[in-house]
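User: Please examine the following structure and answer a series of questions on its architecture.

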Amino acid sequence: MAGINSLVERSKIIIVAGPGGVGKTTLAAALGLTAVDLTGKKVLVITVDPAKRLADSLGLVGLTSKGSQVSPLDLDEAMGHKVSGKLYVAMLDAKSSWDELVNRHAPDVATRQKILSNPIYRNISSRFVQSHDYIAMETLYELYRSSQYDLIVVDTPPSRHAIDFLDAPSKMADFFSSKLLKWLTLPARNRLLMGMFKPFYQVADKILGAQFLSDVAEFFLLFESMYAGFVERAKSVAGILENSSTSFVVVSSPEPVPMTEAEFFVSALDARHLHLGQMVVNRVLPEYFRDPAAILLAHQVQDDYERLAKEFLKKGASLDLIKESEVPPVRLEALAERVLLEVADSFLNFSGVATEEAEEISRLPIDEELITLIPHLNFDVSDLKSLGKVAGHLAVGD
Amino acid sequence: MPSSGSNSIGLLDRSLVFITGKGGVGKSSVTAALGLLAAKAGKRTLICEVDAKGDVARLLDCEPSGFEPSEIRENLFLMAMNTEEALREYLRIYLRLPVVAMLGPLAKTFDFVANAAPGVQEILVVGKLCYEVKASKYDLILVDATSTGHIVSQLASPRGISELVRLGMVKDQVAWMEDILYDSLQTSVIVVATPAETPINEALELAERIDLETEVHLGALVVNKVMPELFSRSEEEFFTALQDPRVAKVLNRVVSSDIGLLLKGSSAALEMRRCAAPYVERLMGSSETVPVALLPLMFGEGSGMKLVRDLGEALAAEWDELLWQG
């Protein structure tokens, strides 16, 4: 058994990553469903900002980062059989997760209050994109350590580059241990030293204003009290990525731009000695669009649609169906011509796209057994049942 | 086509137009297509890539540009935003500081600016763009902006920065940035989506947030990659009749048994369109004042010049009076 099936069996953490707009969140949820169904494990899916209908389908309304269980009855119904595992879902709320982190690490109530009300902190915790990456990792670490779940599937937050997620803990550690921060907070600590840095502060003051600088200084002074714990923590968070029971599932759609980014991510995983569990290419056109005989026929129809239409109407003259549509013969012939031509044109259009997709996929420098293709689905994932269908494609992908 | 008061001036007659949308919807191709149209119409046009992934350069078959704009064809310039360079330029212009003397502390200042205070990084982007508008070196600046998640904080950054920075030069300069950014005759935003749930939801949410949280004019919504209509009603009826086993038998005999695959392909295409239709309708029905353009899915054009040209033609056809008011 290869592919997804063994992946969900052996992993404790699966991180679903990839470029934006490829259906990452849906696949993360489907992967959770597959895992619950195949392994009987207790599985948690952590997602960030899911599409509303997906959220509704999972019962994800007003959730925080604590997991809540998807009704086992609904699960059974969605999969069409008794599901032995338990599925939990959680939604990441960056702002409140940061606040929790401060609550946990602040040495005393006064410091905590000061941090929470510092404007720089508020800015970082709610808007700093990198901080979302970090807090997702932090939440993951906390849940992993609690051993409440057998498997945690993480849907990574949308970031500029999928790779940012990998670097979030080390960047956060660098950030809080940077010499610059000590340097910035110097004037607040020792006014005498101020003279040495006067030129710098003059410029900074002039541009940004003294109030802002003192907010920054206060922020870092306050954070310093939590600093050692923070850096230590960021290192441990980074550590769980390297566990052999942690796997990455890279998701992409088959277009050139996302495929390039996904490929880049795969090589970044490799360079960091992290484990690629599976590459999932989502929304792939069906294989018959590349059928050589069908492509040849489409070209023939394009060249010869007038004769074919005439012939078809002659041979099919006895068929009630066409007679009944009450179209005069001349117009019927024109109609048949247009439909035949349109069918052939459209087929060749899609053939072209399907061929490009296949080329993109074959160029992936990844073992074939590590690639799962999910077809272009003609339905929206709006409930557990349709999510179950996606899960079905994941499980039989190999 | 609705035309409210602020639409009385063409989209491309403005000085600063942001193009945004969820990742993967084709922001860069729409930006490149608009840039090509404007340049062809004789407007000196600058395209600024904020995320600087080089997508616009790739689409226009030219070398990626740096912070310093390069002319990639007649009337068309390309630059990649770089906040560090923007800060350097800012210091040089406003503080008249010799760059070399500033390098050491500057790099460190930047480190802190970029990391500790994201509002400042955003204001550098918006500040540079507004500065270019003010300098009037170009008739039009098209911004291949960051995706939906961050654009609002960028557009609202002059306001946001006033909350953080209560004094200093930046504070003073925010005023003239706001004058440019929040003037609907100068600045506008185009939101791009594709006809699927998340991109459409994000586009609608973004439209609402732009309205509520910023004073920036929302110029238009674009639905990109719309599956073209395959059949007219009578054609579709005829096509449906072909699925009947007796009819199919005749067709197999006249054409070939492989015709089944071709028909299957058309059915799939019809189904895809049917699946996307509600989203297109939702966006189209979302506002009475904001115009919506539909751009067809372009087949077999890869991701280069041909795609950009065809998109441009489709945009011009769909939006002629919206783009220019003469």
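**Sheets, cores and the contact between chains**

Analyst: In this predicted model, chain A holds an open sheet of eight strands in the order S3-S4-S2-S5-S1-S6-S7-S8, and its pairing is mixed. Strand S3 (68-69) and strand S8 (371-375) of chain A are the edge strands, each pairing on one side only.

User: In which sense do strand S1 (residues 13-17) and strand S5 (residues 151-155) of chain A pair, parallel or antiparallel?

Analyst: One bridge between these strands joins A:Ile13 to its partner A:Ile152 in S5(A). S1(A) and S5(A) are connected over four bridges, and the sense of their pairing is parallel.

User: Which helix of chain A lies across S1, strand S6 (246-252) and strand S7 (276-284)?

Analyst: The helix in question runs at about 165° to S6(A). Angles over 145 degrees count as roughly antiparallel. The helix lying across S1, S6 and S7 of chain A is H13 (residues 256-271).

User: How many helices does chain A have, and what percentage of its 398 residues is buried?

Analyst: Chain A has 17 helices, together with eight strands. Among its contacts with a separation of 6 or more, 79% are accounted for by residues 24 or more positions apart. Of the 398 residues in chain A, the buried share is 46%.

User: How many residues does the largest nonpolar core have?

Analyst: The residues with the most contacts inside this core are A:Val16, A:Leu31, A:Val43, A:Leu140, A:Ile152 and A:Val153. Leaving aside residues up to four places away in sequence, A:Val16 touches ten-residue company that includes A:Leu27, A:Leu31, A:Val153 and A:Val251. In soluble globular proteins, nonpolar side chains tend to be buried together. The largest nonpolar core has 88 residues.

User: How many residues are in the other core, which lies apart from the largest one?

Analyst: Members of this other core include B:Leu12, B:Leu34, B:Ile47 and B:Tyr279. Its number of residues is 80.

User: Is A:Val396 buried or exposed?

Analyst: A:Val396 is found in the segment after helix H17 (384-395) of chain A. Its C-alpha atom is separated by 8.3 Å from that of A:Ile4, although the two residues are 392 residues apart along the chain. A residue with 12 or fewer other C-beta atoms within 10 Å counts as exposed. A:Val396 has 12 such neighbours, and therefore it is exposed.

User: Which strands of chain B stand at the edges of its sheet?

Analyst: Eight strands of chain B form an open sheet with mixed pairing, in the order S3-S4-S2-S5-S1-S6-S7-S8. Each edge strand has a single partner strand, so one side of each is left without a neighbour in the sheet; these strands are S3 (70-73) and S8 (292-296) of chain B. On average, and with direction ignored, neighbouring strands of this sheet are turned against each other by 25°.

User: Which residue of S8(B) is the bridge partner of B:Val222?

Analyst: Strand S7 (residues 218-226) of chain B pairs with S8(B) in the parallel sense over four bridges. The bridge partner of B:Val222 in S8(B) is B:Ala293.

User: Which helix lies across S6, S7 and S8 of chain B?

Analyst: The direction of this helix is at about 170° to S7(B). The helix lying across S6, S7 and S8 of chain B is H12(B).

User: Why is B:Lys225 counted as buried?

Analyst: B:Lys225 is placed in strand S7 of chain B. Its phi is near 60°, a positive value in a residue other than glycine. Most residues other than glycine have a negative phi. B:Lys225 counts as buried because its C-beta neighbours inside 10 Å number 20.

User: Where does B:Asn75 lie?

Analyst: B:Asn75 is not a glycine, yet it has a positive phi of about 70°. B:Asn75 is buried, with 20 other C-beta atoms within 10 Å. Its place is the loop between S3 and strand S4 (76-80) of chain B.

User: How are helix H14 (residues 292-315) of chain A and helix H12 (residues 259-284) of chain B oriented to each other, roughly parallel or roughly perpendicular?

Analyst: The helix axes come within 9 Å. A:Ala294, A:Leu297 and A:Ala298 in H14(A) meet B:Ile259, B:Leu261 and B:Leu262 in H12(B). By class, this contact has six nonpolar, no polar and no charged residues. The axes cross at roughly 85°, and H14(A) and H12(B) are therefore roughly perpendicular.

Conventions:
Residues numbered from 1 in each chain as written. Chains lettered and ligands numbered in written order. Axes fitted to C-alpha atoms, helices over the stretch in contact; angles between N-to-C directions. Helix = DSSP H or I, 4+ residues; strand = E, 2+ residues; numbered from the N terminus. Parallel < 35°, antiparallel > 145°, perpendicular 65-115°, else oblique. Contact = placed C-beta atoms within 7 Å. Nonpolar A, V, L, I, M, F, W, Y, C, P; charged D, E, K, R; others polar. Pairing = 2+ DSSP bridges. Core = buried A, V, L, I, M, F, W, Y, C linked by C-beta atoms within 7 Å.
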